[in-house]
Amino acid sequence: MDNDLVWAIRMISGALRRASAQAAETLPGGSRAYLVLMALAEAGDKPPTQLELAGQVGLDRTVMTYLLDDLEGLGLLSRRPNPQDRRSRHVILSDEGRSQLQRMQTDVAAAEARLLADLSEEQRTQFRDLLTRVALTAQRGTLQG
């Protein structure tokens, strides 16, 4: 099994999911909250709509709505009407959300360092780059067909 991609991805995913859930244990949605805050931070000056955000992090839009309600209630984000389409809302990371995310990123980075301890720094960089490329392919849904 040591050369089986499904097994390897599952082991890595499980370890990182546990680390992100532990880092986000005080937030509703746990690791889902981490993914949402991370996506919002990366969006920068171009906040996504709720629907775009759901697609980016791979959550059902109904689940996303409830999660955003909870996170907004904690002051971690806000939602504003989309000026181009009043039926949709843009999701914006608050300063408190950014602060919480930085704390969680520190915790996740420590877990990630332990997970990648057997790799050199060069291998870690290469691994992250390759994994990101594969993840983007998966996000585009190119496996169907």
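Leu 77 is buried, with a relative accessible area of 4%. Let's start from this residue and work outwards through the model, which is a predicted one.

Leu 77 belongs to strand E1. If we skip its neighbours within four places in sequence, its contacts are Val 36, Leu 40, Leu 68, Leu 71, Glu 72, Val 91, Ile 92, Leu 93 and Ser 94. Not every part of the chain comes close to this residue: 35 Å separate the C-alpha atoms of Leu 77 and Val 6, which are 71 residues apart along the chain.

**The chain as a whole**

Now let's step back. How many helices and strands are there in the chain? There are 6 helices and 2 strands. Read from the N terminus on, the elements follow the order α-α-α-α-β-β-α-α. Taken along the principal axes, the C-alpha atoms fill a box of roughly 50 × 40 × 25 Å. The chain has 145 residues, and 30% of them count as buried. Among the contacts with a separation of 6 or more, 49% are between residues 24 or more positions apart.

**The two strands**

Strand E1 covers residues 77–82, and it pairs with E2 in the antiparallel sense over 6 bridges. A hairpin of 2 residues carries the chain from E1 to E2. You can follow the pairing residue by residue: Ser 78 stands opposite Ile 92 in E2, and Asn 82 has Asp 85 in E2 as its bridge partner.

Ser 88 is a good residue to look at on strand E2. Is Ser 88 buried or exposed? Its relative accessibility is 18%, and buried means under 20%, so Ser 88 counts as buried. Away from its neighbours within four places in sequence, Ser 88 is in contact with Thr 49, Arg 80, Pro 81 and Asn 82.

**The nonpolar core**

In soluble globular proteins, nonpolar side chains tend to be buried together. The largest nonpolar core of this model has 24 residues, and those touching the most other members are Val 36, Leu 53, Met 64 and Met 104. Which elements each supply at least two residues of this core? They are helix H2 (31–43), helix H3 (50–57), helix H4 (61–73), strand E2 (85–93) and helix H5 (95–115). H2 gives the most, with 6 residues.

Val 36 shows how such a residue is surrounded. Setting aside its neighbours within four places in sequence, Val 36 is in contact with Leu 53, Val 57, Leu 59, Met 64, Leu 67, Leu 68, Leu 71 and Leu 77. That list brings us back to Leu 77, our starting point, whose own contacts include Val 36.

**A serine in helix H1**

Ser 20 lies in helix H1. With a relative accessible area of 8%, Ser 20 is buried. Beyond its neighbours within four places in sequence, Ser 20 is in contact with Ser 31, Tyr 34 and Val 108.

**The pockets**

Next come the open spaces. The table sets out the two largest pockets by volume and by the classes of the residues that line them.

| Pocket | Volume | Nonpolar lining | Polar lining | Charged lining |
|---|---|---|---|---|
| Largest pocket | about 1,700 Å³ | 20 residues | 9 residues | 5 residues |
| Second largest pocket | about 170 Å³ | 6 residues | no residues | 1 residue |

The largest pocket is lined by 34 residues. Which of them lie nearest its centre? Those are Leu 16, Leu 35, Leu 131, Thr 132 and Ala 135. Helix H1 (5–23), H2, H3, H5 and helix H6 (121–139) are the elements that give two or more residues to this lining. H6 gives the most to the lining, with 9 residues.

The second largest pocket is lined by Met 11, Ile 12, Leu 115, Leu 116, Asp 118, Leu 119 and Phe 127.

**Putting it together**

Try finding a few of these features in the structure above. Begin with H2, which gives 6 residues to the largest nonpolar core and is also among the elements that give two or more residues to the lining of the largest pocket. Then look for the hairpin that joins E1 to E2, and finish with H6, which gives 9 residues to the lining of the largest pocket.

How values were computed. Residues numbered from 1 in each chain as written. Predicted model: local features only at pLDDT ≥ 70, side-chain atom pairs only at ≥ 80, totals over all residues. Heavy atoms only, no water. Core = buried A, V, L, I, M, F, W, Y, C linked by side-chain atoms within 4.5 Å. Buried < 20%, exposed > 50% of the residue type's maximum accessible area, 1.4 Å probe, protein only. Helix = DSSP H or I, 4+ residues; strand = E, 2+ residues; numbered from the N terminus. Contact = heavy atoms within 4.5 Å. 1 Å grid on protein atoms, 1.4 Å probe; cavity = no way out; pocket = protein on both sides within 12 Å on 5 of 7 lines; lining within 4 Å. Points joined across faces, edges and corners; volume = space filled by probe spheres on them. Nonpolar A, V, L, I, M, F, W, Y, C, P; charged D, E, K, R; others polar. Pairing = 2+ DSSP bridges.
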